[in-house]
Amino acid sequence: NNDISGAIYKASNWFGLMGISQRNVISHKTFAKFDNDDYVNSIIDVKGVHPGMGGHIGASWTVFYNFISAFTDACDYRRVSSSPTSIASPDVAAKKIGPYKENGYGDISSEWKKHQDKVREMCARQEQEVSTSNNDETAATTTTSNQQLHPPCTYAFMVNPVTSIRTSDDVNKKMNEVLTSNTGWYAEGNHLVWPPRAGFCAKEPNAHFSLKIDASMETKYMAIMSMKSYGDNFKDTILEVDVQIERKGDAAEAEVGVGVKSSKYEVTGFHETKTSINIPHKFELPDGGAEKGDSIVVNFRLVSGSYFKIAGLAFCRY
């Protein structure tokens, strides 16, 4: 979202157009009290990639406010002064849109601050790696290494028009990279927009699958992008996720379950809101996560209900 907002502002500035970001207007409010569902829902209606009706109404009012402010500013500029840089009227100064910020950095929730610290730590580590590479390689090689970005995830995909995963065939191919067993789950759905959109779906009770991922880097978190909906087939659906970390060199112990650290999580598929949306669920991997060379074993089982849809999976550093 920050990258998209930045690109919009660059383009609008270049062409002399207005740039508006609803996210920048509300992010300081939602992140400051993100654990307070009632507060967040009062602003965006529902947490998720696609906000509910409240989010759409808020975006509409943000656009309307910016248009009205631009109109009144333009009229007041003409009335007060021929130069937009000299504003004598207090009314104009009051209407001028400044940075919308209510809370200082110290008021933002600890979870958000932790996330920011981890991002800074990752950036600092990458800068150090590039610096080390610069000292060891020739100028030509250094230029190449500087252009390379270290991927943040060992394994990740999300069904989205801007990614390479758009159709059921794409989902099937990506899942087959890591699947070790599967009963009752199928890749299905249409391309891009027309419903139902592509995803990895369970259509029977007790459907289950397992996957194994060999960590190519330090991997501490797992994210599941799954659908929530109000349909009868989504009622009472619960997906149980059992995650295990097999340490490098402990294959013999892993076979008998000795020394294997595991955690269980649950993801529900039903909500009362009359819309179907994909929502991200982020979980910490057990035992501090996986190091490079370790294996992440995950068992997914539909323990309640008979339908569930996954639109993305990610196993990442942060």
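1. Let's start with S21, which sits in the loop that links α1 (2–15) to α2 (22–32). Bear in mind as you read that this is a predicted model. Loop or not, S21 has a relative accessibility of 10%, and because buried means under 20%, S21 counts as buried.

2. What does S21 touch, once residues up to four places away in sequence are set aside? The answer is S5 and Y9. There is also A59 to look at: A59 is 38 residues from S21 along the chain, and the C-alpha atoms of the two are separated by 8.6 Å.

3. Next comes another serine, S295, this time in a strand: β10, residues 295–304. S295 counts as buried too, with a relative accessibility of 10%. Its side chain makes a polar contact of 2.8 Å with the side chain of D214.

4. Have a look at what else surrounds S295. Leaving out neighbours within four places in sequence, S295 is in contact with K212, I213 and D214, and also with Q244, I245 and E246. The first three names are worth keeping in mind for β5 (208–214), and the other three for β7 (residues 238–246).

5. How do those strands go with β10? β5 pairs with β10 in the antiparallel sense, over 7 bridges; one of the bridge partners to find is V297 in β10, which goes with K212. Strand β7 also runs antiparallel to β10, and 9 bridges join them. Here you can pick out V241, which stands opposite F300 in β10.

6. Now for helix α8 (residues 168–176), where S168, V171, K174 and M175 are buried. Why do they line one face of the helix? Looking down the axis of α8, the buried residues fall within an arc of 130 degrees, so they end up on one face. As a general point, an α-helix has 3.6 residues a turn, so residues three or four places apart point the same way.

7. Turn α8 around and you meet D169 and K173, exposed residues on the face turned away from the buried side. The buried residues pack against several strands: β1 (153–158), β2 (179–183), β3 (185–188), β4 (199–202), β5 (208–214) and β11 (308–316).

8. One last serine: S168, in helix α8. S168 has a relative accessible area of 18% and is buried, since the cut-off for buried is under 20%. Not counting residues up to four places away in sequence, S168 touches A187, E188, G189 and A198.

Terms used:
Residues numbered from 1 in each chain as written. Predicted model: local features only at pLDDT ≥ 70, side-chain atom pairs only at ≥ 80, totals over all residues. Heavy atoms only, no water. Helix = DSSP H or I, 4+ residues; strand = E, 2+ residues; numbered from the N terminus. Buried < 20%, exposed > 50% of the residue type's maximum accessible area, 1.4 Å probe, protein only. Contact = heavy atoms within 4.5 Å. Polar contact = N/O pair within 3.5 Å; in protein donor to acceptor, adjacent residues only side chain to side chain. Arc of directions from axis to C-beta. Pairing = 2+ DSSP bridges.
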